[in-house]
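Q: Please pick one part of this model and take me through it slowly, as I am new to reading structures. I would like to see how its pieces fit together, and then what lies elsewhere.

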Amino acid sequence: MATGLVYSDRYLQHNTNPFRLPSGKTLPFVEPVDHPSNPRLVERTKKLLDYTGLSKQLERVEPYAATVEDLAPFHPTDYVDLIRGISEAGGGDAGQGAPIGADSYDIALLAAGGVMAAVDAVMEGSLQQCFALVRPPGHHAEASKGRGFCVFGNVAIAAHHARRRYGIERVMIVDWDVHHGNGTQAAFYDDPNVLFVSLQQDRLFPVDSGSADEVGSGAGAGFTANIALPAGSGGAAYNAAFERVIVPLAEQFKPEIVFVSAGQDASASDPLGRMLLAAEHYRELTAIMQGIAARTAAGRLVLAQEGGYSETYAPYCTMAIFEQLVGTRTGIEEPVDPTRVGRWPASLAVSGDQEGAINRTIEALSPFWKF
Ligand SMILES: [Zn+2]
């Protein structure tokens, strides 16, 4: 299956440093440390793909800059102007916890346009699936406020692009980043043409969003699904959530294109999440998403990089996604021993509280869908 990679070295120049406390101050007692959303996740992932030879099996897709008109279905012009102004002034914060530097306006446009380019690749028939290895990420960005390291809603903008440019009527977005995809959810909360499903660690970030009873509103009621898994959930709970909630939703909704907001920060090594996924689990989740795309969307699958903060391990999780997309195994030794992952309790069994979380989602959505 032909698989695309959207990437540009330009993404590495979006400057988020240094790490700051909630007050905005740097750490007072030691030398500054890097912001969690620094360039290394994307850089190390790309280098790992090159090192293993996987890059050679991928079709390179060049990103382009989204225009103000491309952003307009989600971001009002005054927000776009605000970001350009902050960037031109040398940097600052795009809202709340979304640091940007002097070049970040242009690079954030290239991130949104990168996911749009992935849409073009799968819609114009040259590729079936495409991963946009972009930064800054996008799923926390609200219409008029950057949040949680995100500036523009890359996936939301690309979903609008698929609809406006290609006449797509039904879009499905699955957000498996460990944090809630609040921005993408808000973009389509009353829209029945976009089925948005987010799995996240319950009450992690934003702490007040992503509960099971957030199901959409108005005409969009039933077209938002939230699976708020308790901290400590692993492969067994994620697989159950996909099989019991996401696959049945997809089979009834019948998307024409499928997006994944792919943040690999639910890995067991992640400093910002408290979940227990391993590279092997990302392979399995990718296979499920390929199955969903194959059944109703002619295989059209667009994945966009969101979070992932274990500099050592997250690149291997993302590489596992690429291995599954390409249908190969590089055989490279992984930092977390895959034979041990299969014996973790969280890989083997769904606990009562995890089951309860999945059941709450099913109850909230049962007026709208069959499970
Ligand atoms: Zn995240």
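A: Let's begin with a word we will need: a residue is called buried when its relative accessible area is under 20%, and exposed when that area is over 50%. Please also keep in mind that this is a predicted model.

The part I have picked is a set of paired strands, starting with β10. Strand β10 covers residues 224-229, and six of its six residues are buried, so the rest of the structure largely encloses this strand. You can check this one face at a time. On one side of β10 sit T224, N226 and A228, on the other A225, I227 and L229, and all of them are buried. That back-and-forth pattern is worth remembering: side chains in a regular strand alternate between the two faces of the sheet.

Now step across to the partner of β10. Strands β9 and β10 run parallel and are joined by six bridges. One place to look is V197, whose bridge partner in β10 is A225. Strand β9 itself spans residues 194-201, and it also runs parallel to β8, with five bridges between them. Here V197 turns up again, since V174 of β8 stands opposite V197 in β9. If you find V197 on your screen, you can therefore follow the pairing both ways, to V174 and to A225.

What about β8? This strand holds residues 171-175, and five of its five residues are buried. V171, I173 and D175 point one way, while M172 and V174 point the other way, and all of them are buried. Both β8 and β10 are thus covered on either face.

Carry on along the chain from β8 and you come to the zinc site. The zinc ion is coordinated by two OD donors from D177, by ND1 of H179 and by an OD donor of D265, at 2.0 to 2.6 Å. Along the sequence these donor residues follow the spacing D-x1-H-x85-D. D177 and H179 are both buried. The angles between the four donor atoms run from 55 to 154 degrees, which is why the arrangement counts as irregular. To be called tetrahedral, four donors would need all their angles between 85 and 135 degrees. For comparison, the ideal tetrahedral angle is 109.5 degrees.

For contrast, try R340, which belongs to helix α10 (residues 338-341). R340 is exposed, with a relative accessible area of 53%.

Finally, look for empty space. The largest pocket contains about 710 Å³. It is lined by 34 residues, with R20, H35, G97, P99 and F149 closest to its centre. Strands β3 (91-93) and β5 (99-101) are the elements that each give two or more residues to this lining. By class, the pocket lining has 14 nonpolar, 16 polar and four charged residues.

There are closed spaces too: a search of the whole structure finds two cavities of 30 Å³ or more. The largest cavity has a volume of about 80 Å³, and L41 is among the residues nearest its centre. L41 also helps to line the second largest cavity, together with P36, N38, G308, Y309, S310 and E311. That second cavity has a volume of about 30 Å³.

Methods:
Residues are numbered from 1 along each chain as its sequence is written. This is a predicted model: local features need pLDDT of at least 70, side-chain atom pairs count only at pLDDT 80 or more; totals for chains, interfaces and linings use all residues. Side-chain values use heavy atoms; hydrogens and water are left out. On a 1 Å grid over the protein atoms alone, a cavity is a set of points where a 1.4 Å probe fits but cannot get out, and a pocket is an open set with protein on both sides within 12 Å along at least five of seven lines; lining residues have an atom within 4 Å of a point. Grid points are joined across faces, edges and corners, and a volume is the space filled by probe spheres set on the points. Donors are N, O and S atoms within 2.8 Å of the metal (3.2 Å for Na, K and Ca); water is not among the atoms, so sites may look incomplete. Four donors count as tetrahedral if all angles lie between 85 and 135 degrees; four count as square planar and six as octahedral if opposite donors are over 155 degrees apart and all others between 65 and 115; anything else is irregular. Buried means under 20% relative accessible area, exposed over 50%, partly exposed in between (1.4 Å probe, protein chains only). Helices (H or I, at least four residues) and strands (E, at least two) are DSSP runs, numbered from the N terminus. Two strands pair if DSSP finds at least two bridges between them. Ala, Val, Leu, Ile, Met, Phe, Trp, Tyr, Cys and Pro count as nonpolar, Asp, Glu, Lys and Arg as charged, and the others, Gly among them, as polar.
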